[in-house]
Amino acid sequence: MSFWQSFLRNRGAVAGLAVLAAVLLLALSAPFLFSFDPWDTRGAPLQPPGEGFALGSDMLGRDVLAGIFHGARVSLFIGVVSTVFAVVIGVVVGAVAGYFGGLVDDVAMRFTEFFQTIPSFVLAVLLVAILTPGLASIVIAISVVTWPPVARLARSEFLALRHRAFVEAAVLSGVSHIRIIFGEVLPNALTPIVIMASLMVATAILTESALSFLGLGDPNRISWGYMIGAARAVFRHAWWLSVFPGLAIFVTVLAINLVGEGLNDALNPHMRRRTDP
Amino acid sequence: MTAPLLEIAGLRVALPAGSDRAHAVDGIALDVRANEVLCVVGESGSGKSLTAHAVMGLVPKGLAVAGSIRFEGRELLGMAEAERRRLRGSRMAMIFQEPMAALNPVMRIGDQIAEVFRFHGRPDRDGSRTLALLDAVGLPDPALIRHARPFQLSGGQRQRAMIAMALALDPVLLIADEPTTALDVTTQAQILDLLRAIQAARSMAVMLITHDIGVVREMAHRVAVMQEGRVVETGPAADVLGRPQHAYTQRLLAAVPKLQPRPDRSAELGATVLEGRGLAKTYAGRAGLFRPGRRVAAVAGVDLSLRRGEALGIVGESGSGKSTLARMVVRLVDADAGTLTLAGVDGNLLALRGRRLGPVRRRVQMVFQDPWGSLNPRRRVHEIVAQGLLAHGMDRRQARARVDELLALVALDPSSAERFPNEFSGGQRQRIGLARALALEPELLVADEPVSALDVSVQAQVLDLIADIQRKLQLAVLFITHDLRVASQVCDRIAVMRRGEVVEAGPSAEVLFRPRHEYTRLLLASVPGRGVGEETGSA
C-alpha cells in the first residue's frame, strides 16, 4: 500500500490536512484581501461582529478578521521555521552521539539533559527577554527549548542502526563517517523524526502564542497570541476579541496534530500490513 | 490400519489481497495417524507453518480458513472457540521455534506448567506432576529448575521446558513448528533424541514442521513435502527420501549439503596472504554499583594463516567466538592482543588506526549473514555496489560500468542495478552483498555465515557461486559457519572453535573424517540425518 493510500484512510488526517491548507490560504491571501496594516484603526472601537467588521473590532478600532489573517502568517512562519531549526540541531547532536558512542555520546547527552532539566517555557521567556522581543529571537528561543527530545530520538534511532550490517559494510568500503551518518543512516532514521517534527510545529505555535500573550511577541507583527493577550482587559465586554484568535489557535493546532497522527499511521512500519507469510 | 487421528482435507488459507499469491495454503490434504511422526518439510513461504497453526486454530485474524480439519473424528473448523480451547493443550499441543518468545519471561517455569494444569481444571496441588514432567524431559535438578525463570535457562533447556508444558495433559497430538531451528547442532541432536523417546514412550502422534532434510531423516515415519502452499509429495520416509517422485523433492534433496570435502587443491594455492598470532578479545560488561563487571573471553589466543586462493572454514557453535574472530580480522572489532599481518602491509594490521587503516580496508572485505539487514533499503543496487568505488575516488561513469561487470560476475541481471533491495529474494541479496565486497578487489574475503539465513536450494547456489568466484579470482576466503556440511563444501582447511579457542585445525578431509578432538567428533555426530539413508558422509 502506498503512503498516500494509507494516509488517506485516516479521516482525521485528511480533515487536518484540509484545515491546514485553509490556514495556509489565510496566510497567503492576507496581503491581498487585507492590504492595509492590521495595526491601523479602521473604524469605531469595540464593535461586535456584524456589519462593519465581520469579526468585530478591538479597543482601538482594529479589524479582528484582518488580525486573524495576518496572524496566521506569523504563527505558521514561527511554527515551521523554529521546528526546522530544532530538528537540525537535534538530529546533528543525536546522530553524532548515537553514531560515535562512548565519550562523545556521554558528553552530548549530558549537554542535552542540561537543557531538559530547565523548565522549557521559563527558558524561552528568559531567552526572548534577553534577546529583545522579535521574530528572530522567538524562533531562537523556541528552537533552543524544543531540540532535546529530537536529539534523544535521533540518538536512539542511530544506536539501533549503527550496528546494522549495511552500515558496517559502508565502513569497510571506506565511506567517510559524515557520508555514512547523512547518506546511509539518517534516511533510515527519518520516519519517526518527521512524525515528531510535525507535532512540534503545533507546540511551537502554542509557545509563540503564550510568549505573545505575555507581551513578548514581535511588536511589529500581529499574532494570535498577542490578540488574546491584548483582549484580556476587556474580556467580559468584548468576547469576540479573545474567542476568534483562540479558535484559530485551537483549530490550527488540532489540525497539525491530526496530520501528525496520520503521518504516524502511514509511515510507521509496525502498523503496516505484514508482507511475510 | 486405524482411522487417522488428524485428517486435513482441502485446507485453504487465503492471503490478504495484493500478496504475491492468493492462498498461503492452497487446498492441501494431509493426515496424521496415531503413534507416528509426520514431517512436513518445505522452504520458507511454502505454507507449512501456517498449516500447523490452522490445526491449532492459531491462524492470524483476517486470514480466511476454508476446507476441513478433522481431529479424532470431529470437525475443528467452525467449532466454538471455547471447545477448541479445551482441545488445545489437553488433546493437542504445540511447541514453537523460539522458546524464549513462547514462555512468559517473568514467570517461573514450574508456575507456567502448573498454570496449564489449572486452566484445564486439574490443578497440580502438590507439584508432583510438574516435577515428574520436568524430569521426563531430561531437565537437570527439577526441584530447582521449577523455580527458575526462562532467562536463567539455556536455549536447549528452554525448549525442554516448552516440551514439558506441551506434554502436561498427555496430548495425543504434538505439533512441533521448527523446534530445533534456533538451537546449536549439538543441542538440536539432544532435543531430537528427546522428542523421539517421548513419542515412542507415549505412542503420541507428532507433526513436525521443518525446513531441514537432515531432521526429516532423523525423525520421520512419513513425510509430506510442501511447495508454495501445496503438498507435492507424501509418503513413507524411506520412499520419499530414497526414491523421490516429484521434481521439487528431487531438487530439494539434491541441494542438501553433504559432508563431502572439497578436492585437494594445495597445488593451486599461492603465497601466504594473512597470518595471525595469538588473536584475543575479551568483552567486559559494564560493572554495576554493586556487582563486578562480567568478563567473557570471546576469542582467547587464536592463530591462523591463509594462502592466496585458499578457503579456511571456522566452524563452531554460538558463543564459540567465530564471529568475533571474523570481525577482528576485518577490523570492525578492536582486538585486545595478537598480531595480524597482511601480505604487503608493514606492521601489525590490528594496530593500524585512522588514516593508515583506510587504504588497507579495501584489501579485506566482508559478506554478512543477514541478507535483509546488510543492504541499505533506501539505496538502489548500483549505489550499494559502487559505494566503495566512489569512496575511493573512482568517477561515477567508471564505477557504473564496473557495477555491471560485478553484477554479471555474481550472476545477476544487469537490470537489477536500478532496483531497490526489497525487490530481491534472500539469495539475490546475498549476491548483491558479494558484489559489493568484490568491488574493491580484495585479497581476503571474510564471509560470516553467508548462507545460514537462506533456504537449502538457494544455499547451494550461493555456495557454488562463492567457490567459483574464489577459484576465478584466486581469493583467500575466511569462511565462518556453524554448519560442518557447508564448511566441507567450500573450505580447503577447517578450524573448529569452542569457547574462544581453536580445538582442532587441518585439511577438511582430515577434520571431517579423521577428527582427533572429541568436540569435533561430537559436532560430527550431531549433524542431523548423517548416515541415515545417505551413502556419503557415513565414512
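In what order do the elements of chain A run from the N terminus on? They run α-α-α-α-α-α-α-α-α-α, and the count for this chain is 10 helices and zero strands. The model is predicted. The points below cover chain A as a whole, a nonpolar patch on the surface, the second largest pocket, and the cysteines.

**Chain A overall**
- The C-alpha trace of chain A spans about 75 × 45 × 30 Å along its principal axes.
- Chain A has 277 residues, and buried residues make up 48% of them.

**Nonpolar surface patch**
- Six side chains are named here: Val80(A), Val84(A), Val88(A), Val92(A), Ile178(A) and Phe182(A) form a nonpolar patch on the surface.
- Together these residues have about 510 Å² of accessible area.
- Two elements of chain A each give two or more residues to the patch, namely helix H3 (64-100) and helix H8 (177-213).
- H3(A) gives the most, with four residues.
- Val88(A), one of the patch residues, is found in helix H3 of chain A.
- Val88(A) counts as partly exposed because its relative accessibility is 48%, and that class lies between the 20% limit for buried and the 50% limit for exposed.

**Second largest pocket**
- The second largest pocket holds about 790 Å³ of space.
- Its lining has 26 residues. Those nearest the centre of the pocket are Arg162(A), Val171(A), His177(A), Leu332(B) and Arg361(B), so named residues of chain A and chain B both appear in the lining.
- In chain A, the elements that give two or more residues to this lining are H3, helix H6 (135-162), helix H7 (165-172) and H8.
- In chain B, helix H13 (354-361) gives two or more residues to the lining.
- H13(B) provides the largest share of the lining, with five residues.
- H3 and H8 of chain A therefore appear in two places: each gives two or more residues to the nonpolar patch, and each gives two or more to the lining of this pocket.

**Cysteines**
- The count of disulfides over all chains is zero, where a disulfide needs a pair of cysteine sulfur atoms within 2.5 Å.
- Cys39(B) is buried because its relative accessible area is 0%, under the 20% cut-off.
- Cys491(B) also has a relative accessible area of 0% and therefore counts as buried.

Methods: Residues numbered from 1 in each chain as written. Chains lettered and ligands numbered in written order. Predicted model: local features only at pLDDT ≥ 70, side-chain atom pairs only at ≥ 80, totals over all residues. Heavy atoms only, no water. Patch = residues over 30% accessible without salt bridge, like charges linked within 9 Å, V, L, I, M, F, W, Y side chains within 5 Å. Areas by Shrake-Rupley, 256 points an atom, 1.4 Å probe, with all protein chains shown as cover. Salt bridge = Lys/Arg side-chain N within 4 Å of Asp/Glu carboxyl O. Buried < 20%, exposed > 50% of the residue type's maximum accessible area, 1.4 Å probe, protein only. 1 Å grid on protein atoms, 1.4 Å probe; cavity = no way out; pocket = protein on both sides within 12 Å on 5 of 7 lines; lining within 4 Å. Points joined across faces, edges and corners; volume = space filled by probe spheres on them.
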